[in-house]
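Colleague: I'm still new to reading these models. Could you take one part of this one and walk me through it closely?

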Amino acid sequence: MSQAAARRLDAPLAAHFAALPAPWQVFPEPGLARIAAFVDARRAAGACIYPPRPLAALEQGAPEDVRVLVLGQDPYHGPGQAHGFAFSVPEGVRPPPSLRNILAELARDGHPNSAARGGSLLHWSRQGVLLLNAVLTVEEGAPGSHAGQGWEGFTDALIDRVARSPSPKVFLLWGAYAQAKRARIAAAAAGLPEALGPLVLTANHPSPLSARRPPVPFIGCGHFSRANDYLVASGLAPVAW
């Protein structure tokens, strides 16, 4: 099996849902069945679907462990790129353009050694950074191909669960698609004491098409240091970006 083939969806999606960690079981079973029916049918029809483990980001901890949530749109659609963590690629894979801009902003924002790690952001995930796409599967060469099939309801429920968790946390919303979730986050966190409410930071998407454009260029946003400042002020350890 080629390296790219090994990074395709490796089992029926229903099996992935069956193994979903209990703390993340926040979406009705009929909704999960609808998503699984679509994805499994496309897989059975021969579609090359990425990533191999769509729920991988949820395996790193419980909602209460999340300190930062980075929201993407859907997985990379090129061979071998997506591995279940928004914006991240497996070790040894060349970072796509948006990820290169993320690494550039990290260096500009006081983390010059981050780029030396390559394009894998798993070290973020292990520190309570949830790298979540709104849609968790995609077909090769077809961005957005699994949008509108139920994933959005599932990931909205995950976002709500994190936002309601009574601990300080940061949401990084890059681009209009992610920023559209801002009101949802505020509504989910409305019952929390102010000291435990989330910090929401917004900027343009890190894509080369928008990373340096107004109104809020991604390059220069300083989100990584601002997130750490908030975490430290809240009595939590900073993220080693």
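Modeller: Sure, and one term before we start: a residue counts as buried when its relative accessible area is under 20%, and as exposed when that area is over 50%. Keep in mind that this is a predicted model. Let's look at helix 6, which covers residues 151–164.

How long should helix 6 be? With 14 residues at 1.5 Å a residue, the expected span is 20 Å, and the end C-alpha atoms are indeed 20 Å apart, so the two agree.

Helix 6 is mostly covered, with twelve of its 14 residues buried. Among them are Trp151, Phe154, Leu158 and Ile159, but also Glu152, Asp156 and Arg161. In soluble globular proteins, nonpolar side chains tend to be buried together. Here, the largest nonpolar core has 69 residues, and Trp151 and Phe154 have the most contacts inside it. Helix 6 gives that core its largest share, six residues.

Now zoom in on Phe154. Leaving out residues up to four places away in sequence, Phe154 touches Phe17, Leu20, Phe27, Leu32, Ile35, Leu55, Leu58 and Leu136.

Asp160 sits in helix 6 too. Its relative accessibility is 14%, so Asp160 counts as buried. With the same sequence neighbours left out, Asp160 touches Arg184 and Ala188.

Away from the helix, have a look at two cysteines. Cys221 has a relative accessible area of 10%, so it is buried. Cys48 is buried as well, because its value is 13%. As for disulfides, a search of the whole structure finds zero.

Conventions
Residues numbered from 1 in each chain as written. Predicted model: local features only at pLDDT ≥ 70, side-chain atom pairs only at ≥ 80, totals over all residues. Heavy atoms only, no water. Core = buried A, V, L, I, M, F, W, Y, C linked by side-chain atoms within 4.5 Å. Buried < 20%, exposed > 50% of the residue type's maximum accessible area, 1.4 Å probe, protein only. Helix = DSSP H or I, 4+ residues; strand = E, 2+ residues; numbered from the N terminus. Contact = heavy atoms within 4.5 Å. Expected span 1.5 Å × (residues − 1). Disulfide = S-S within 2.5 Å.
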